[in-house]
Amino acid sequence: MKIAVIGAGAAGLAALRHCISGTYGDQVVCYEKTDQIGGTWVYREQTGFDRYGLPIHTSMYKSLRANLPKEVMGYPDFQIPEGSVSYPTRTQILDFLNIYCDHFKLRPYIRLLHHVELVEPVAGDRKWSVKVKDLQNDAVAIESFDAVMVCNGHYFEPMIPNIPGQNIFTGKQIHSHDYRVPDFFNGKKVVVMGAGPSGMDLALEISKNANRVILSHHLTETIDTVFPENVVQKDDVVELTEREAVFADGTKEQVDVVFYCTGYKYSFPFLAESCGVRVDSNMVTHLWKHLVSIESPTLALIGLPFYVCAFSMFDLQVRFVLRHWHGERQFPAQADMLRSEAEEAARRAERGLQKRHFHMMGPEQEHYYSDLANVAGIMPLLPVLSKLHNESSMRFLKDLVHFREDRYKIIDDYNFVQLSR
Ligand code: FAD
């Protein structure tokens, strides 16, 4: 098969590694729009647009250390070496991805500074047309492929809630996508919106510089972690005035900065409508197993689920897809795939989850991984991975300041629904 891989982050590298392995010997091209591999893990001071006029992809900030232990962060057959620190820094993860890339000799297949502008099915031909711009030469080419793996990540398109008064607020408003270093917050009163992993991590980080940090969220209970004294928790912000944030409990505070840690939107700007993939309230549809386009199964979207053991899951998803593309397993009938997607959506809705939680795994990840492995008849992921992941997430919530230290026991009753609200 001739396969296009879009993106050379952790997912694209896993895709490439299996596509070129002796098993199938596929012909493959990986397009990467930036000048290096690593995706999210490449730190860039710059925000806004790059020199080619494209939006900066990475949301990485300078001080970031992984919020998962290294045992969870590797690939199934390529681990982060023993002896490395438990919670690697962003630089160590990027180094690891480069080592992975060299170990599996992936570089010759990667075309850096190649921006995929359009992917569309070729009518009546079972092929995909991929329009790519070589950014250095400003030259556009169209290539034809049998299949496409989309590995463009989902932490680059900020999700900013609509709040009355945003247009009259005279302070600064910034999304975590554009956050790099805390200096910007020196002496400021900041309202941090959102208490997901980024909101919590960043509230803590900027508290060293800011005068006061208000962590605003709609979790049903106050987050049970010890924050520094200048961090307080409040309800959602429901309105902004010229200088103030108004909270759901009716209180108001004067603030200098609104810091949106409100997550990201799934976005596939290069997929033509005829690809049959839509994003509906941040649920990507219609997909079989969060992964394969039901309308055109030779299109796969790697890496959509979140709260997962990311690199291992990418590897598993890629192996799953390749088994099907190469006919070792058959795709179910379209109607059955659609039914399976609808049933999962209904099950999640019954549990009070919104559409935007459709790809959230957390406690369900082990089931998801074993299902993929069973259906495709491929090597499963070790169940201990999911256990470690869930336990680490619990640690993170329990003690944000010290969770990277080794002084916790496994806690089983972690509730991801609570976290995501
Ligand atoms: P990305 O890393 O985003 O890579 C996508 C690549 O596609 C990029 O290189 C991009 O340039 C390229 N691309 C996009 N569009 C195009 C196009 N049109 N043409 C060509 N190329 C294109 N995960 C963890 O497991 N542990 C953590 O501690 C952790 N911390 C995180 C902290 C932050 C601040 C963020 C933002 C994410 C964090 N993650 C963490 C999640 C992380 O994103 C994943 O682990 C993983 O790196 C995602 O890999 P990816 O390949 O799917 O996407």
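**View 1. Polar contacts of the ligand with Glu32, Trp41 and Ala10****.** In this predicted model, an N or O atom in the side chain of Glu32 lies 2.6 Å from an oxygen atom of the ligand. The side chain of Trp41 also places an N or O atom at 2.8 Å from a ligand oxygen atom. At Ala10 the contact involves the backbone, where a polar atom is 3.1 Å from an oxygen atom of the ligand. The protein buries 93% of the 990 Å² that the ligand exposes when taken alone.

**View 2. The shell of 33 residues around the ligand****.** Those that come nearest are Glu32, Thr40, Trp41, His57 and Asn67. By residue class, the shell comprises 18 nonpolar, 13 polar and two charged residues. Helix H1 (10–19), strand E4 (114–122) and helix H5 (310–325) each contribute at least two residues to this shell.

**View 3. Strand E2 and its pairing with strand E1****.** Strands E1 (residues 2–6) and E2 run parallel and are joined by five bridges. Within this pairing, Ile6 has Tyr31 of E2 as its bridge partner. The β-α-β crossover that leads from E1 through H1 to E2 is right-handed.

**View 4. Strand E2 and its pairing with strand E3****.** Two bridges connect E2 to strand E3 (residues 110–111), again in the parallel sense. Tyr31 has Arg111 as its bridge partner in E3. Strand E2 (residues 27–31) is largely enclosed by the rest of the structure, because four of its five residues are buried.

Conventions: Residues numbered from 1 in each chain as written. Predicted model: local features only at pLDDT ≥ 70, side-chain atom pairs only at ≥ 80, totals over all residues. Heavy atoms only, no water. Near = heavy atom within 4 Å. Polar contact = N/O pair within 3.5 Å; in protein donor to acceptor, adjacent residues only side chain to side chain. Areas by Shrake-Rupley, 256 points an atom, 1.4 Å probe, with all protein chains shown as cover. Nonpolar A, V, L, I, M, F, W, Y, C, P; charged D, E, K, R; others polar. Buried < 20%, exposed > 50% of the residue type's maximum accessible area, 1.4 Å probe, protein only. Pairing = 2+ DSSP bridges. Right-handed = clockwise from strand over helix to strand, strands pointing away.
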